Amino acid sequence: MSDPRSVLTRPAPAPDLTVRYGPLPDHVADVRLPAPTDPHSPAPLVVVIHGGFWRHRYDRTHTGPQCAALAAAGFAVVAIEYRRTGGGGGWPETFDDVALALDTVPELVAEAAPGRVDTTRVVHLGHSAGGHLAVWAASRTRLPAESRWRRHDPDPALRGVVSLAGVLDLAACADADLDDGAVRALLGGDPHQIPERYAEADPLQLTPPGVPTVLIHGTDDDRVPPEFSTRYAAKAGHQADMVSLPGIEHFGVIDPLSSAWPEIERQVSALLRAIDDR
């Protein structure tokens with residue numbers, strides 16, 4: 001049996017270009033463009049937020065296979081980088097970077113690839129810790145008025161979010177000590193020590209999200225419990241749809257060679273089509 005983690009190191013075509021959204025080394029995003037077909041029909045944009053339990057040793061390079069597959073399917077794709085714990089990230093830097101990137105990168109991509117990208121049709125796609133960050137960002141209208149990341153209105157270009165095995169319950173993540181205290185490293189402590197940070201960072205406390213959200217989780221995931229997604233879906237109500245994939249583990253949802261991959265592409269397309277049909 002092949003190692004499901006092989007997708008993390010599998011070679012992929014290099015990005016077509018890289019854009020910079022800020023002054024720091026991690027303020028970059030890799031762009032892959034689909035083959036041009038109709039010059040009058042720019043491609044919708046998928047913004048990919050990588051996982052790795054928010055830790056510095058995991059970066060955007062492991063998203064290469066999924067980004068290349070999405071570009072081959074006809075999407076413009078941009079994988080953002082951000083500061084992570086152990087490398088200048090954590091509270092509040094990781095959240096600063098993700099909020100800034102998601103607010104600015106689409107236009108930067110459009111400027112770098114004129115006529116190739118439709119920035120009025122955007123989907124955010126995040127895996128594991130990236131799923132947490134994607135759903136959190138879609139919930140920024142629910143943050144307290146004094147929060148540095150609050151949005152007063154949802155992003156009108158954002159058609160939806162796809163969370164792949166997302167860490168959507170930070171308190172439970174801390175209680176379970178996932179990845180040797182990953183969420184404590186991110187936020188700086190346990191929920192009982194810094195409840196105000198968990199209240200501002202935990203998607204489960206910020207429901208419902210501001211846009212349609214699809215939660216995809218493999219039933220055989222032994223790294224992020226599927227219950228995190230089902231619990232979030234139950235609380236978020238009609239704004240979140242749960243998709244359980246029997247027999248799929250944690251990395252299958254980002255592997256284009258996995259039997260799960262057609263469902264990922266289908267859900268991204270469905271979010272974009274739903275808006276097109278309005």
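Leaving aside its neighbours within four places in sequence, which residues is E81 in contact with? The close-ups below start there and then move on to salt bridges elsewhere in this predicted model.

**View 1. E81 and its surroundings.** Setting aside neighbours within four places in sequence, E81 is in contact with Y21, D26, V28, H50, D59 and R60. The residue sits in the loop between β4 (76–80) and α2 (93–112). E81 is buried, and its relative accessible area is 1%. With H50, one of its contact partners, E81 also makes a side-chain polar contact of 2.6 Å.

**View 2. The D30–R60 salt bridge.** Here the side chains of D30 and R60 come together in a salt bridge, with 2.9 Å from N to O. D30 belongs to strand β2 (residues 28–32), while R60 is found in the loop between β3 (43–49) and α1 (64–72), so this pair ties together parts that are 30 residues apart in sequence. Are these two partners buried or exposed? D30 is buried at a relative accessible area of 10%, and R60 also counts as buried, with 18% relative accessibility. For R60, the value falls under the 20% cut-off, which means that the residue is classed as buried.

**View 3. A salt bridge within helix α8.** E263 and R266 meet through their side chains in a salt bridge of 3.0 Å, N to O. Both residues lie in helix α8 (residues 261–276), and they are three residues apart, about one turn of the helix. R266 is partly exposed, with a relative accessible area of 46%.

**View 4. A salt-bridge network.** Moving away from the helix, this view takes in D26, D30, R60, E81 and R84, which are joined into one network by salt bridges that share partners. Two members will be familiar from View 2: D30 and R60, whose side chains meet at 2.9 Å, N to O. E81, at the centre of View 1, is another member, and D26 and R60 are among the residues in contact with E81.

**View 5. The R184–D177 salt bridge.** What is the N to O distance where the side chains of R184 and D177 meet? This salt bridge spans 2.6 Å. R184 is partly exposed, at 27% relative accessible area, and D177 is partly exposed too, at 34% relative accessibility.

**View 6. The whole structure.** To put the close-ups in context, a search of the whole structure finds 16 salt bridges. Among them are the pairs D30–R60, E263–R266 and R184–D177. As a general reminder, side chains of opposite charge can pair when their charged atoms come close.

Key:
Residues numbered from 1 in each chain as written. Predicted model: local features only at pLDDT ≥ 70, side-chain atom pairs only at ≥ 80, totals over all residues. Heavy atoms only, no water. Salt bridge = Lys/Arg side-chain N within 4 Å of Asp/Glu carboxyl O. Helix = DSSP H or I, 4+ residues; strand = E, 2+ residues; numbered from the N terminus. Buried < 20%, exposed > 50% of the residue type's maximum accessible area, 1.4 Å probe, protein only. Polar contact = N/O pair within 3.5 Å; in protein donor to acceptor, adjacent residues only side chain to side chain. Contact = heavy atoms within 4.5 Å.
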